[in-house]
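This briefing covers the sheets, helix packing and selected local features of one chain. It is meant to be read beside the sequence and the coordinates.

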Amino acid sequence: MSLALQLAEKGLYSTSPNPRVGCVIVRDGHVVGSGWHERAGQPHAEINALNAAGAAAQGSTVYVTLEPCSHHGRTPPCAEALIKAGITRLVTAMQDPNPLVAGKGGALMRQAGIAVEAGLMEAEARALNIGFITRMTCRRPWVRMKIAASLDGKTALNNGASQWITGDAARRDGHRLRARSCAVLTGIGTVLADNPQLTVRHVETFRQPLRVVVDSRLEIPVEAKILRNGGELIFTATASEEKIVALRDVGARILVLPDKNDNVDLFAMMQTLADFEINEVLVEAGGKLNGALISAGLVDELVIYLSPCLIGDAALGMLKLPELVDLAQKRTLKIYDLRTVASDIRITARFP
């Protein structure tokens with residue numbers, strides 16, 4: 001199963017919106033076939049492993065990181081293919097959270113007389129597909145917020161200058177987070193201040209994540225760098241038809257989702273992204289949007305790169321959050337990973 005998980009991880013940047021899955025086929029103590037799901041629309045991990053094993057799959061044990069599918073989607077059901085191949089035992093890391101599957105694949109194989117076991121290295125399998133699981137069970141993506149800051153928690157000078165607080169290695173590491181994400185989300189303040197591209201440039205990938213902008217007043221310039229490739233998604237609270245037409249002319253998609261305060265409805269935005277099959281969202285924004293998302297309870301994970309420097313009290317902070325009057329109100333996180341990236345420190349923390 002450990003080998004199957006290593007194979008599944010090869011699809012880290014490519015399987016979206018599908019889960020990352022690996023499969024290993026063992027017969028008489030020897031691996032006779034293995035494979036992983038490489039891209040959406042292409043064969044699943046089990047099919048690739050069966051093709052590698054050929055006739056040796058007869059009478060084998062199959063280790064797969066996710067319950068085999070039992071429905072017709074972009075590809076035929078893997079459970080039926082495993083039954084047809086004549087395997088005798090199936091070991092899965094976890095049940096598929098997709099309601100279309102959710103135990104049905106395992107049940108189908110038990111009915112065919114195959115021994116089915118589940119739960120081996122489940123925690124590792126869940127971590128690999130945390131976004132897919134969140135979308136299937138909560139109808140929203142897994143939201144990961146990336147912040148680069150000084151040791152005193154500042155992300156930019158008071159005049160907006162922020163390039164570069166952290167070093168090259170930390171920025172390359174941040175591009176790996178972009179590459180694994182289905183979407184990168186930012187706010188209009190960041191677009192106007194930095195005019196970012198928000199593309200993956202330091203990691204080899206065949207696809208770019210969807211770029212999403214929260215822009216309540218539809219202030220984004222049509223010549224903004226983030227709009228150069230077309231297909232970007234802009235959430236707004238206004239319905240300025242003239243501006244909407246101009247943005248659509250450069251390939252952007254506009255969705256009007258106002259809340260009661262005429263700002264973008266952040267909850268509805270996340271549900272919409274889930275409906276678009278977005279598993280993981282990487283937030284790269286300023287303190288205002290960062291704070292709004294955290295206040296709304298829509299952030300699952302923080303990845304903070306801290307540079308060994310001090311910028312001073314007048315500089316801009318990481319998060320714009322309401323003032324607390326009691327320490328009992330503080331938001332507690334659990335640190336999952338702490339390491340150095342060249343001269344910087346990377347902290348990965350999650351809300352309970």
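The points below are grouped by topic.

The model is predicted. One open sheet has nine strands, and another open sheet has five. Pairing is mixed in the nine-strand sheet and also in the five-strand sheet. The structure contains 18 salt bridges.

**Nine-strand sheet**

- The strand order is β11-β10-β9-β8-β12-β6-β13-β16-β15.
- The edges are taken by β11 (253-256) and β15, each of which has a single partner strand, so one side of each lacks a neighbour in the sheet.
- From one strand to the next, the twist averages 20 degrees.
- Strand β6 (residues 142-150) pairs with β12 in the parallel sense, over four bridges.
- Arg144 has Leu282 in β12 as its bridge partner.
- Strands β15 (residues 334-341) and β16 (residues 344-350) run antiparallel and are joined by seven bridges.
- Within the β15 and β16 pairing, Ile335 is opposite Ala349 in β16.
- Two residues separate β15 from β16 in a hairpin, and Ala342 in the turn has a positive phi of about 55 degrees.

**Helices lying across the nine-strand sheet**

- Helix α6 (residues 130-138) lies across β6 and β12, and runs at about 130 degrees to β6.
- Helix α10 (residues 266-275) lies across β6, β8 (183-187), β9 (210-214), β10 (233-236), β11 and β12.
- The direction of α10 is at about 155 degrees to β10.
- α10 also packs on helix α11 (residues 287-295), at an angle of about 85 degrees and with the axes 10 Å apart.
- The angle makes α10 roughly perpendicular to α11.
- Leu266, Met269 and Met270 of α10 make this contact with Leu289, Ala292 and Leu293 of α11.
- By class, the contact of α10 with α11 has six nonpolar residues, no polar and no charged.

**Five-strand sheet**

- The strands are in the order β2-β1-β3-β4-β5.
- β2 (30-36) and β5 (115-118) are the edge strands, each pairing on one side only.
- The twist in this sheet averages 15 degrees from one strand to the next.
- β1 and strand β3 (residues 61-64) run antiparallel and are joined by four bridges.
- Val24 is opposite Tyr63 in β3.

**Packing of α2, α3 and α4**

- Helix α2 (residues 45-53) and α3 cross at roughly 25 degrees, and their axes come within 9 Å.
- α2 and α3 are therefore roughly parallel to each other.
- The crossing of α2 and α3 is left-handed.
- Glu46, Ile47 and Leu50 of α2 make the contact with Cys78, Ala81, Leu82 and Ala85 of α3.
- The residues of the contact of α2 with α3 comprise six nonpolar, no polar and one charged.
- Helix α3 (residues 78-85) and helix α4 (residues 104-111) cross at roughly 20 degrees, with their axes coming within 9 Å.
- That angle makes α3 roughly parallel to α4.
- The crossing of α3 and α4 is right-handed.
- On the α3 side, Ala79, Glu80, Leu82 and Ile83 meet Gly105, Leu108 and Met109 in α4.
- The contact of α3 with α4 has five nonpolar residues, one polar and one charged.
- Leu82 is listed in the α3 contact with α2 and in the α3 contact with α4.

**Salt bridge and loop features**

- Arg20 and Glu280 form a salt bridge through their side chains, at 2.8 Å from N to O.
- This pair links distant parts of the chain, with Arg20 in the loop between α1 (2-9) and β1 (22-27) and Glu280 in strand β12 (residues 280-283), 260 residues apart.
- Pro17 is also placed in the loop between α1 and β1, and the peptide bond from Ser16 to Pro17 is cis, with omega near 5 degrees.
- Asp28 is in the loop between β1 and β2.
- The phi of Asp28 is near 55 degrees, which is a positive value in a residue other than glycine.

Technical notes: Residues are numbered from 1 along each chain as its sequence is written. This is a predicted model: local features need pLDDT of at least 70, side-chain atom pairs count only at pLDDT 80 or more; totals for chains, interfaces and linings use all residues. Side-chain values use heavy atoms; hydrogens and water are left out. Two strands pair if DSSP finds at least two bridges between them. Axes are lines fitted to C-alpha atoms, for helices over the stretch in contact, and angles run from 0 to 180 degrees between N-to-C directions. Angles under 35 degrees count as roughly parallel, over 145 as roughly antiparallel, 65 to 115 as roughly perpendicular and the rest as oblique. A crossing is left-handed if the near helix is turned anticlockwise from the far one by less than a right angle, and right-handed if clockwise. Contact means heavy atoms within 4.5 Å. Ala, Val, Leu, Ile, Met, Phe, Trp, Tyr, Cys and Pro count as nonpolar, Asp, Glu, Lys and Arg as charged, and the others, Gly among them, as polar. A salt bridge is a side-chain nitrogen of Lys or Arg within 4 Å of a carboxyl oxygen of Asp or Glu.
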